[in-house]
Amino acid sequence: MNNKADLGREGELQASTYLENKGYAVLERNYRYKRSEIDLIVSKGDLLVFVEVKTKTSVNFGQPEIAIDEKKAAKVMEGAEHYIQSTNWKKNIRFDVISLVKNKDRFTIEHFEDAFY
């Protein structure tokens, strides 16, 4: 990995593969609305899931998911609201977090369903 952005992109790719293997369909990657960005928007049946992905190479300063504060959650929810309105989604939604830690060439993945709202 050359830098933090490369690590983030690699983590998002790992997260999308993980979700696809769990039966989710990836609808959007890096969805942007104003100042918000949603890493992944996926669906499974009548469920639409907005996913925040956090990736680190070390847990010396805490797990990746602790980097999601109320401000970040609010931005994700703002983008989600726009996506829901623009697609006229009328079914269930959920906000998930996928936390990844890379050690050499391997990732440890934790999936937190219904992480915030």
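Reader: What makes Glu 52 count as buried in this predicted model?

Author: Glu 52 has a relative accessibility of 2%, and a residue is called buried when that value lies under 20%, so Glu 52 meets the criterion.

Reader: How do you know that Glu 52 and Lys 54 meet in a salt bridge?

Author: The N to O distance between the side chains of Lys 54 and Glu 52 is 3.4 Å, and because the cut-off for a nitrogen of Lys and a carboxyl oxygen of Glu is 4 Å, the pair qualifies. Glu 52 and Lys 54 also belong to a network of salt bridges together with Lys 72, and a search of the whole structure finds 7 salt bridges.

Reader: Why is Arg 32 called exposed, and what does its side chain meet?

Author: Arg 32 has a relative accessible area of 60%, and since exposed stands for values over 50%, the word applies to Arg 32. The side chain of Arg 32 meets that of Glu 37 in a salt bridge, with 3.2 Å from N to O, which is within the limit of 4 Å.

Reader: What makes the contact of Arg 94 with Asp 96 a salt bridge, and are the two residues buried or exposed?

Author: The closest N and O atoms of Arg 94 and Asp 96 are 2.7 Å apart, and because the criterion asks for a separation within 4 Å, the pair is counted as a salt bridge. Both Arg 94 and Asp 96 are buried.

Reader: Why is strand β4 described as largely enclosed by the rest of the structure?

Author: Strand β4 covers residues 92–103, and 9 of its 12 residues are buried, so the description follows from that count.

Reader: How do you know that β4 pairs with β3 and with β5?

Author: Pairing requires at least two bridges between two strands; β3 (residues 47–56) is joined to β4 by 10 bridges in the parallel sense, while β4 and β5 (residues 106–112) are paired over 7 bridges in the antiparallel sense, so both pairs satisfy the requirement. Across from β3, Val 49 stands opposite Arg 94 and Leu 47 opposite Asn 92, whereas the bridge partner of Ser 99 in β5 is Glu 110.

Reader: What makes β1 and β5 the edge strands of the sheet?

Author: The open sheet has 5 strands in the order β1-β2-β3-β4-β5, with mixed pairing, and β1 (25–33) and β5 each pair on one side only. Neighbouring strands of this sheet are turned by 30° against each other on average, direction ignored.

How values were computed: Residues numbered from 1 in each chain as written. Predicted model: local features only at pLDDT ≥ 70, side-chain atom pairs only at ≥ 80, totals over all residues. Heavy atoms only, no water. Buried < 20%, exposed > 50% of the residue type's maximum accessible area, 1.4 Å probe, protein only. Helix = DSSP H or I, 4+ residues; strand = E, 2+ residues; numbered from the N terminus. Axes fitted to C-alpha atoms, helices over the stretch in contact; angles between N-to-C directions.
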